[in-house]
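This report goes through a structural model, beginning with its charged contacts. Please keep the sequence and the coordinates at hand.

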Amino acid sequence: APHTPAEMAELRRSSNIRESLPGTMVSMRSPTRPHSALNSAGDRREAERVERICLALAAKPEVPQWARTTLVAMAPLLAAATQGFNAAAPVVWPWMVSGYNMARVLPKDVLDVLYGGVLIFFGGSFTATLAAAEAFRVSGGDRVYASLQDLYLDFEAVKIANAIDNKKDDDGDGTADVDQIDSKALASRKMGIVLKSVNPERIMTALGGLAQALAGVLATLKLQFA
């Protein structure tokens with residue numbers, strides 16, 4: 001079953017972080033963070049698992065103090081972000097897919113005309129933004145799109161594998177295994193799922209493409225506006 005507030009507090013104490021540290025000890029079940037009626041029970045459980053994993057990682061003795069403090073501070077924020085993402089994705093994602101598909105079917109000349117119109121009417125008002133966009137395009141924008149698609153494939157693979165794992169009940173007692181194991185076992189289990197689901201070579205290539213485009217943007221902005 002989901003952890004009680006007392007159990008969540010014990011997880012935090014195992015991370016060697018003082019309860020008095022402001023802004024880092026708010027639990028997902030705290031009355032200071034009310035749940036939206038739109039959030040399902042499954043979303044809340046998934047958010048709590050994210051918080052438990054962060055706290056379990058922070059509790060490892062080999063983790064430096066600065067990393068431990070960061071993990072504990074980020075735990076409730078990542079849990080809330082997980083809930084928000086799960087709630088917003090069904091609404092936002094179809095619009096993003098529609099926009100992407102529209103951009104793919106439009107002729108390149110039409111996209112160039114639209115981009116040129118933006119430069120003509122807004123080039124003087126948003127100089128740095130448009131310079132960054134142009135640097136992004138010249139530095140390998142097409143490769144970035146391909147890299148994002150590759151990362152999305154791995155994200156979907158992890159998401160599906162995680163959803164399957166969350167439903168496993170190997171002992172047949174009616175409660176999912178992930179809700180019965182301790183936080184350290186949960187963190188190891190989920191890390192194993194990620195490593196088994198992704199393509200490491202594809203991820204490294206995709207991250208390299210993103211880094212190249214980012215370096216081009218930063219270099220352009222530094223030369224033009226330093």
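## Salt bridges

The model is predicted. A search of the whole structure finds 5 salt bridges. Three of them are set out here, with the distance between the closest N and O atoms.

| Basic residue | Acidic residue | Closest N and O atoms |
|---|---|---|
| R49 | E46 | 2.9 Å |
| R49 | D179 | 3.3 Å |
| R202 | D154 | 2.9 Å |

Side chains of opposite charge can pair when their charged atoms come close.

Take R49 and E46. Both residues lie in helix α2. They are 3 residues apart, about one turn of the helix. Are they buried or exposed? Both R49 and E46 are buried. For R49 the relative accessible area is 5%. That value is under 20%, so R49 counts as buried.

R49 also forms a salt bridge with D179, and there the closest N and O atoms are 3.3 Å apart. R49 lies in helix α2, while D179 sits in the loop between α6 and α7, so this pair ties together parts that are 130 residues apart in sequence. D179 has 12% relative accessibility and counts as buried. Together, E46, R49 and D179 are linked in a network of salt bridges.

The bridge between D154 and R202 has its closest N and O atoms 2.9 Å apart. D154 belongs to helix α6 and R202 to helix α8 (residues 200-225), so the pair ties together parts that are 48 residues apart in sequence. What of their burial? D154 is buried, with a relative accessible area of 3%. R202 is partly exposed, at 26% relative accessibility.

## Overall fold

How many helices and strands does the protein chain have? It has 8 helices and 0 strands. Along the sequence, the pattern is α-α-α-α-α-α-α-α.

The protein chain has 226 residues, and buried residues make up 30% of them. About 14,200 Å² of the chain is exposed. Carbon and sulfur atoms supply 67% of that area.

Contacts can be sorted by sequence separation. Consider those between residues at least 6 apart in sequence: 69% of them join residues at least 24 apart.

## Nonpolar cores

In soluble globular proteins, nonpolar side chains tend to be buried together. Which residues make up the largest nonpolar core here? It has 6 residues: I53, A56, A176, V178, L186 and A187. Two elements give two or more residues to this core, α2 (41-58) and α7 (183-197).

I53 is a member of this core. Leaving aside residues up to four places away in sequence, I53 touches L186, A187 and K190. L186 and A187 are core members as well.

A second, separate core has 5 residues. Among them are L55, A58, V72 and A75.

## Aromatic residues

The structure holds 2 aromatic pairs. In one of them, F85 and F155 meet edge-to-face, with 6.2 Å centre to centre and 90 degrees between the planes. F85 lies in helix α3 (residues 65-105) and F155 in helix α6 (residues 141-166), so the pair ties together parts that are 70 residues apart in sequence.

Neither ring belongs to a buried residue. F85 has 46% relative accessibility and counts as partly exposed. F155 is also partly exposed, at 39% relative accessibility. F85, Y152 and F155 form one aromatic cluster.

## Nonpolar surface patch

That cluster of F85, Y152 and F155 is part of a nonpolar patch on the surface. The patch consists of F85, V91, V92, W93, M96, V97, Y152 and F155. Together these residues have about 720 Å² of accessible area.

Which element gives the most to the patch? Helix α3 does, with 6 residues. Both α3 and α6 supply at least two residues each. V92 is found in helix α3. At 41% relative accessibility, V92 counts as partly exposed.

## In brief

Helix α2 holds R49 and E46 and gives two or more residues to the largest core. Helices α3 and α6 hold F85 and F155 and supply residues of the nonpolar patch. Helix α6 also holds D154, which pairs with R202 in helix α8.

Technical notes. Residues are numbered from 1 along each chain as its sequence is written. This is a predicted model: local features need pLDDT of at least 70, side-chain atom pairs count only at pLDDT 80 or more; totals for chains, interfaces and linings use all residues. Side-chain values use heavy atoms; hydrogens and water are left out. Rings of Phe, Tyr and Trp (its six-membered ring) pair if their centres lie within 6.5 Å; planes under 30 degrees apart count as stacked, over 60 as edge-to-face and the rest as tilted. Helices (H or I, at least four residues) and strands (E, at least two) are DSSP runs, numbered from the N terminus. Buried means under 20% relative accessible area, exposed over 50%, partly exposed in between (1.4 Å probe, protein chains only). Contact means heavy atoms within 4.5 Å. Accessible areas come from the Shrake-Rupley method with a 1.4 Å probe; for residues, only the protein chains shown count as cover. A nonpolar core is a set of buried Ala, Val, Leu, Ile, Met, Phe, Trp, Tyr and Cys residues joined through side-chain atoms within 4.5 Å. Patches are made of residues with over 30% relative accessible area and no salt bridge: like charges are joined within 9 Å, nonpolar side chains (Val, Leu, Ile, Met, Phe, Trp, Tyr) within 5 Å. A salt bridge is a side-chain nitrogen of Lys or Arg within 4 Å of a carboxyl oxygen of Asp or Glu.
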